[in-house]
Every structure is written in C-alpha cells, then in structure tokens.
Amino acid sequence: MKLRNLRLCIFSFLCASAVNAFSLDREAFTFTSYDLNVRVEPEQQRLGVRGKITLRNDSAAPQKIAVLQISSSLDWRSIKAGGKPLQFVSQPYTSDIDHTGTLSEAIVTLPEAVPSKSAVELEIAYEGVIVLDATRLTRIGTPEAAAHTTDWDQIGRNFTAVRGTGYVAWYPMATEAASLSEGQSLFEVLGRWKAREAASTVHLQIAVPSDEGEPPELLVNATTCPRAHEVGQQFIADCTYRSLGSVMPTFVIANYEVVNRAAIAVHFLVGHNASAVNYADAAEKVISFITEWFGAPRGKAETADLSDPNAAPFESGPLLLTPLTSTDPKLTGLAAAHQLTHAAFSSPRPWIDEGLAHFAQALYLEHQSGRQVALDYMGLHRSAFSAAETAKQTTVLRSEDEVNQSLVNTSDEELYRSKAMCVWWMLRDMLGDQALKKALASYHPEQDKEPSYMPRLIQAQTQRDLEWFFDDWVYRDRGLPDFKVESAFTHKTLPEGYMLTVTVTNQGTAGAEVPLTVKFAGGEITKRLVVRGKSNGVIRVEVPKPPEEIVVNDGSVPERDTTNNVFKIEDDAAK
Ligand SMILES: [Zn+2]
C-alpha cells in the first residue's frame, strides 16, 4: 500500500512538472472577443469586472489548459464555462507587461481539450484595486518620481486614468513573461499580443456610481461610445471596439470641462481653460491641411488633460491624454497635426499608422516654416534610429533579421515612428504630393491583408518601378545608404554654360533617390538621382557659371555618414 502511494506521488509529480515545463503554452489562445461589465468605484480605487470572453485555440495542438492573466492588484473570483465553475490555480507571474511587474495568473482546466482553431467561451469575474504603482520601473533602478511620469495609471478619488495591455492588465490577456531588463523583450511580447488581437472585438459596459450633482466625465477610446447615461444609482457607458489592432482600451474619469469644436473636443481640468483653448485653436488651424493630405477626420478627436503636469502624453485611437498646461504653446500645432492625422487615417500597421502621423508633423512644419525646418525636425528623429542602424551595419544581418526588423514587421518604436516618417518623406519627394495623396486616399484599412497592399497602392500612382525601394526600406531592413561624390568633370560645351558630369557612389546597402545640389557664383541647381545600394549613379547637370561645389543629400534621405557629402570643385577643372 505504501509503495503504491509513493509510486502514485512520483507519477503525479512527474505529470505536474511536465505540464509546467512543456505544455503550458501561454500564447496558444487568441482572445477573440470580450463582453465585460466593468464597475469602477473611484472612492475605493476599485474595479470589479463580470463578463464573457471567447478564446480561440490558434496553436496546432489541442489545449486542455487556458491561461488568463490580470494585474497582480486584481484577484480572480470565478471562472466558468456553460454555467459550471471550472477548476483553476491562481498564481503570481512576474512580467513587466503590467505596471506592478506581476500578473495574477489563472491556470484554468477546461472541461475538455479545445481542438486547434476551435473556440471556448468563459464566464469570468475578478476585482481589486488599481493604485499608482511603478514597481516594474523602480525595481530596475528608475527613481520613483521619474517612474510615475511614465506609469501614471490609477483609479483615484479625484482623477482616474487607466490604460490597457502594456500598462495595466485590467482585462484578461495571456502572454509569455516580458522583462524591461532584457532589451526589446517588452516590445516583442506586446507586438505579438497586438498582432494576435488585431481582429478581436470588445464590448464594455462601464459603470461609475453617481453621487448627487454633476456626473464626472467618463472618456473611453472606443470605436463607438455614446455619452454615459444615468441608470439608477450609476452612470453607464456602453462602448464597442471594432478591432484591437492599434487601440488599447483606456478609460478616464474626471471632473472635466470641455472646449468643444467641430473637429476636436478638449477636456480640461479646473484652471486649465487657457491651455485648452490654445490647443483647440491649434487643431482648428491645421485641420484643413491634414484633411487635404489624409482625408476628413472619421470622428471627433478627443484630447484629455492629465492631472500630473509631468505625466508623459499617451495616445490611443482618437484619444490623446496629455497634461495641457505643460504643452509648449509653440508645439501645440505639431501635437495637433499628429492627433488629427490619427483621427483622419488609421491602419493596423504601425509603420503606416504612426509613420504617417509623424510624417504629417514634418509636412506641417514645412507648410509653416519651409522645407529646411522640416528637414531639421526629421534630423532629430533620425538620430534616434541611425545609431541602431549603424551598429547593425558592422555585423552582416542574416536574411531573417532583415525581414524581422523590416518596417512591415518591426515592433521597435524608433523604426515604425522615426524611420517610417523618413520613408514617407522620401516617397513623397519621389512621387510628388498629388500622387501620394491619391495613393493614401485609395487606402482602406479593412482591405489591408498583405504587407504589400500599401506599396501596391503607391506603385499604382506612378510609372516608375519602386519595387527596389520597398524591398530596401519596407520589406527588408537593408540599413542606411552612404553617399559620396566619387568624381565630377566640367566641360564648357555650351556657349553660355557648363556641363557637369557627376558620379555618386553609395557605399551602403540601401538604395535611394537623393537630391544633388550644384553651387556656382550667384546660384545653385538641384537635381535628383537614384543610387542603388553598393552602386554608382551618374548625372549630368547644366549650369550657367563655373560650378564650385556639389552637395549630395539635403538631409531628406537618412544616411549612415553625412561628413563626406560635400565635394569642392577645383578652379582649374572648371575652366
Ligand atoms: Zn501617434
């Protein structure tokens, strides 16, 4: 008898560790739909959630175990299927995907194994508090005050703002652990989660207790979310997200006042009236310019004030959260251009969605202050990613890295924001404004099923073959070009002028069309030429006076080394 027991123990011990080590696939299920009743109690800093979620097994193997994760400050109350309680083990799981640095993970035994591509519906209940917590940052050495400018989420008596996956796991999710101390780990885990959830839908009924008097304003960044209405002792908002691709469910509750204009509503806290009006004015000034480029806004842009003046701004969908008083009045136009571009144009692909919103900022600066100011602005962004690109150049990228780090696949913000902005600017320089505007107008996010969809729309607007450009900059990461004037010969062949023949070499592996300016006494002429990676390009330029200097690249093409871009022409050669 004893021996039998011992054997059983050994057997079950082995089974248990086999489950932990081999079978727990945290990313097996896609959360395809959420239907949640969310009760927020600001006085208690509490959140209570009841509802249904649907999980689809997207792994190749049948799954008997499902993993559900919420913030460690929340507790699981019940998990059911078909009305019957399911067995689950709740355990802390260390992951920096949540501001507390830990998740409450439920390991749920399903009634039966879910076959690949099949779905299961679960009824869930959980509750707890959401208070200011930046543990994931302070434990890697970030000073507390600085950590709270990033992780400012909380349910508070006077002010509530809670962002979703990546900040606070206030709705269930499941990913492998992310660590802020391991380079890109958090971005990669988040990137995988967003990709899996791109087609997921969310229905939220958010309820806030009503006291007598004015209701607090409840803002939710959903696709549709009519204003909260009073039902019994609470205010209820019924909100729907059509897709979780680029939006992270976020709610804000505060005693806001509002500056309401046709294109934008600016929700501000007591005493911030002037800043709110300033922002709304800036938005109204840029709206016609943004509409020309990206179409009319599909909905009203919403800006909401953050109570902490040092809080880092956050945007998701049409909602921008930013401390209005600390927005530099000189920069409000830039911020508004970015926000209104999101309101006018959306894409599930970050290099399009964020790339275009940043491109719009550069366009806005050019419109206000001229091309050079826009190029200088892009130069600031360029330094953000060119160091990384240069480092890559020293090691030969494997073919799969070129693909993984490409603009269409990257989860690296510096690439899909800053580098993408430069790519859009180069496309615009190559195609011209009208052709690029037409390509953008023909884009429909719901038809964007292939990475090549947008490149094909752009290609359709020009006779030129751009396949090489997309291959070097969009589908693959071929690094940056490095241009240098190899040689220049002047011939006085014309009665009143000179013919200059310039050879430009590109020592980088990415090709580009680059501007080349020839300077002479009293003027200059700029032409453009394509120089493919590891190749030469030759161009002939006619000038009225002896040419003195050649400058390749005005800063519009991101480049590895710009110290070798000026070529002086000797006096003798010009005669
Ligand atoms: Zn943006």
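Strand β16 (residues 264–268) pairs with β17 (residues 301–305) in the parallel sense, over four bridges. In this predicted model, V266 stands opposite T303 of β17. The chain gets from β16 to β17 through helix α5 (residues 273–294). This β-α-β crossover is left-handed.

β16 has a second partner, β15 (residues 257–260), joined to it by four bridges and running antiparallel. E257 has F268 of β16 as its bridge partner. β15 and β16 form a hairpin, with three residues between the strands.

How many residues of β16 are buried? Five of the five are, so the strand is largely enclosed by the rest of the structure. I264, V266 and F268 point one way from β16. A265 and H267 point the other way. Both sets are buried.

**Core and helix α7**

The largest nonpolar core has 154 residues. Those with the most contacts inside it are I206, L218, A283, L340 and A360. A283 touches A263, I264, A301, A336 and L340, leaving aside residues up to four places away in sequence. I264 belongs to β16 (residues 264–268), and A301 falls in β17 (residues 301–305). A283 itself falls within α5 (residues 273–294), the helix of the crossover.

Helix α7 covers residues 350–369, which is 20 residues. From its first C-alpha to its last it reaches 28 Å, close to the 28 Å expected at 1.5 Å a residue. α7 is mostly covered, with 16 of its 20 residues buried. G370 follows α7 and has a positive phi, near 100 degrees.

**Two open sheets**

Strands of a sheet pair through backbone hydrogen bonds, in either the parallel or the antiparallel sense. One open sheet here has three strands in the order β9-β14-β11, with antiparallel pairing. Its edge strands are β9 (159–162) and β11 (217–220), each pairing on one side only. Neighbouring strands of this sheet are turned by 10 degrees against each other on average, direction ignored. β9 and β14 (residues 251–254) pair over four bridges. T160 has I253 of β14 as its bridge partner.

Another open sheet has three strands in the order β3-β7-β6, and its pairing is antiparallel as well. β3 (63–71) and β6 (88–94) stand at the edges with a single partner strand each, so one side of each is left without a neighbour in the sheet. The twist averages 30 degrees from one strand to the next. Seven bridges join β6 to β7 (residues 102–114). Y93 has L103 of β7 as its bridge partner.

**Pairing around β25**

β25 (residues 547–552) pairs with β22 (residues 512–520) in the antiparallel sense over five bridges. Here V518 has I550 of β25 as its bridge partner. β25 also pairs with β26 (residues 566–568), again antiparallel, over three bridges. V551 stands opposite V566 in β26.

The antiparallel pairs are set out below.

| Strand pair | Sense | Bridges |
|---|---|---|
| β9 and β14 | antiparallel | four bridges |
| β6 and β7 | antiparallel | seven bridges |
| β22 and β25 | antiparallel | five bridges |
| β25 and β26 | antiparallel | three bridges |
| β15 and β16 | antiparallel | four bridges |

**Positive phi outside glycine**

K117 is not a glycine, yet its phi is positive, about 75 degrees. K117 lies in the loop between β7 and β8 (119–129). N553 also has a positive phi in a residue other than glycine, near 75 degrees. N553 lies in the loop between β25 and β26.

Which of these is buried or exposed? K117 has 10 other C-beta atoms within 10 Å. The cut-off for exposed is 12 or fewer, so K117 is exposed. N553 has 20 C-beta neighbours inside 10 Å. Buried begins at 20 or more, so N553 counts as buried.

Methods
Residues are numbered from 1 along each chain as its sequence is written. This is a predicted model: local features need pLDDT of at least 70, side-chain atom pairs count only at pLDDT 80 or more; totals for chains, interfaces and linings use all residues. Two strands pair if DSSP finds at least two bridges between them. Helices (H or I, at least four residues) and strands (E, at least two) are DSSP runs, numbered from the N terminus. Axes are lines fitted to C-alpha atoms, for helices over the stretch in contact, and angles run from 0 to 180 degrees between N-to-C directions. A nonpolar core is a set of buried Ala, Val, Leu, Ile, Met, Phe, Trp, Tyr and Cys residues joined through C-beta atoms within 7 Å. Two residues are in contact if their C-beta atoms, placed from the backbone, lie within 7 Å. The expected span of a helix is 1.5 Å times one less than its number of residues. A crossover is right-handed if, with the strands pointing away from the viewer, the path from the first strand over the helix to the second runs clockwise.
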